[in-house]
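Reader: I should like to learn how to read a protein model feature by feature. May we proceed by question and reply?

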Amino acid sequence: MQDIDLRQLRCLVAIVDEGTFTDAAIALGVSQAAVSRAVASLERALGVRLLRRTSREVTPTATGARVVAQARRVLADVSDLVREATSGHTRLRVGYAWSALGRHTVAFQRHWSAAHRDTDLHLVRVNSPSAGLAEGACDLAVVRRPLDDRRFGTALVGLERRLCALAADDPLARRRSVRLADLAARLLLVDRRTGTATPDLWPPDSRPATEETHDVDDWLTVIAAGRGIGVTAESTAHQYPRPGIVYRPVRDAEPVAVRLAWWRDDPHPALRAVLELLTELYRAG
């Protein structure tokens, strides 16, 4: 198996596609002898005959047809691998856990598309502490909890109010705003991995009971049923308006810090441009 290389597979596929060794050599930009040697060495390595040669044409054997099909997949996978490794300047994936950028999400996408036509922007939701950065699912991440991992750099881009999510028929929903003390006797739904709400927001002697959740849709469903409440960043209200749920400001709670995170040893080329745009959007309100 160590004797098989991509050059051999490319030669085999080219012969089948072009029909002759001569045309395959022309298509690959190499000599006909090099194509012949590559296929011969591949057949020796596999111990099978791959091509049937006649005076008029070259066709794959039954085994050769199967090998060619697999070779195409291998070459396509390698092409994808190269594109993934070298597309840093042409693709930008920004991860987030629960909500992207709230009211700024659409503006961010539109401003970016207008100013950076050569770099495609993709928003990716990954419910992990690093919003997909550690998992390789994104190039930059919007996070609302401190990242203690020294592999990542972070920068503050803005602040968001904390809101309370309530069932629409909850008595507190009739108020324009609430206080933390109003919520102390309620069941608080929390996501300990990525959420911004913890019992630490309350004094030690008046903390609410908690129930864990791991998905924003489940969180909204439980709240709409009146079984609990949520305290979340303002961006959640903009990204997830839901019938049966109202959001009210928690006027005595600290705001949520919104940060952009990146790999220290391999920052995306668009990092500075993203930082500047997000900071500008949050500053403008």
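Reader: Is Gly285 buried or exposed?

Author: Please note at the outset that this is a predicted model. A residue counts as exposed when its relative accessible area is over 50%. Gly285 has 54% relative accessibility, and therefore it counts as exposed.

Reader: Where does Gly285 lie, and with which residues is Gly285 in contact, leaving aside its neighbours within four places in sequence?

Author: Gly285 lies in the segment after helix H9, which covers residues 271-284. Once the neighbours within four places in sequence are left aside, Gly285 is in contact with Arg103 and His104. The C-alpha atom of Gly285 is separated by 28 Å from that of Asp182, and these two residues are 103 residues apart along the chain.

Reader: How should I read a separation along the chain beside a separation in space?

Author: The two values are best stated together for a given pair. For Glu212 and His104, the separation is 108 residues in sequence and 28 Å in space, C-alpha to C-alpha. For Ala184 and Pro203, the values are 19 residues in sequence and 9.5 Å in space. For Ile26 and Ser55, which are 29 residues apart along the chain, the C-alpha atoms are separated by 19 Å.

Reader: What share of the contacts in the chain with a separation of 6 or more comes from residues 24 or more positions apart?

Author: Such residues account for 70% of the contacts in the chain with a separation of 6 or more.

Reader: Where is Thr236 found, and is Thr236 buried or exposed?

Author: Thr236 is found in helix H8, residues 234-239. The cut-off for buried is under 20% relative accessible area. Thr236 has 1%, so it is buried. Not counting residues up to four places away in sequence, Thr236 touches Ser99, Trp219 and Tyr247.

Reader: Is Ile26, by the same reading, buried or exposed?

Author: Ile26 has its place in helix H2, residues 21-28. Its relative accessibility is 63%, and so Ile26 counts as exposed.

Reader: How are values between the two cut-offs to be read?

Author: Partly exposed is the term for values between the buried and exposed cut-offs. Glu212, found in strand S9 (residues 209-212), counts as partly exposed because its relative accessibility is 38%. Apart from residues up to four places away in sequence, Glu212 touches Val190 and Arg192. Ala184 also counts as partly exposed, at 22% relative accessibility. The place of Ala184 is in the loop between helix H6 (180-183) and strand S8 (187-190). Trp202, Ser206, Arg207 and Pro208 are touched by Ala184, again not counting residues up to four places away in sequence.

Reader: What is the phi of Ala131, and where is the place of this residue?

Author: Although Ala131 is not a glycine, it has a positive phi of about 55 degrees. The residue sits in the loop between strand S4 (120-125) and strand S5 (140-143). With 1% relative accessibility, Ala131 counts as buried.

Reader: How many disulfides does the structure hold?

Author: To count as a disulfide, a pair of cysteine sulfur atoms must lie within 2.5 Å. The structure holds zero disulfides. As for individual cysteines, Cys138 is buried, with a relative accessible area of 4%, and Cys164 counts as buried at 0%.

Reader: How should the chain be described as a whole?

Author: One may begin with its secondary structure and overall dimensions. The chain has nine helices and twelve strands. Its radius of gyration is 28 Å, whereas a compact globule of 285 residues would have one near 19 Å. Along the principal axes, the C-alpha trace spans about 90 × 35 × 35 Å.

Reader: What percentage of the residues in the chain is buried, and what area does the chain expose?

Author: Buried residues make up 44% of the 285 residues. The chain exposes about 15400 Å², of which carbon and sulfur atoms supply 49%.

Reader: How far apart are the mean positions of the positive and negative charges of the chain?

Author: The chain has 40 positive and 35 negative charges, and their mean positions are 1 Å apart.

Technical notes
Residues are numbered from 1 along each chain as its sequence is written. This is a predicted model: local features need pLDDT of at least 70, side-chain atom pairs count only at pLDDT 80 or more; totals for chains, interfaces and linings use all residues. Side-chain values use heavy atoms; hydrogens and water are left out. Buried means under 20% relative accessible area, exposed over 50%, partly exposed in between (1.4 Å probe, protein chains only). Helices (H or I, at least four residues) and strands (E, at least two) are DSSP runs, numbered from the N terminus. The radius of gyration is taken over C-alpha atoms; the globule rule is 2.2 Å times the number of residues to the power 0.38. Contact means heavy atoms within 4.5 Å. Accessible areas come from the Shrake-Rupley method with a 1.4 Å probe; for residues, only the protein chains shown count as cover. Lys and Arg count as positive and Asp and Glu as negative; His and the chain ends are not counted. The place of a charge is taken as NZ of Lys, CZ of Arg, CG of Asp or CD of Glu.
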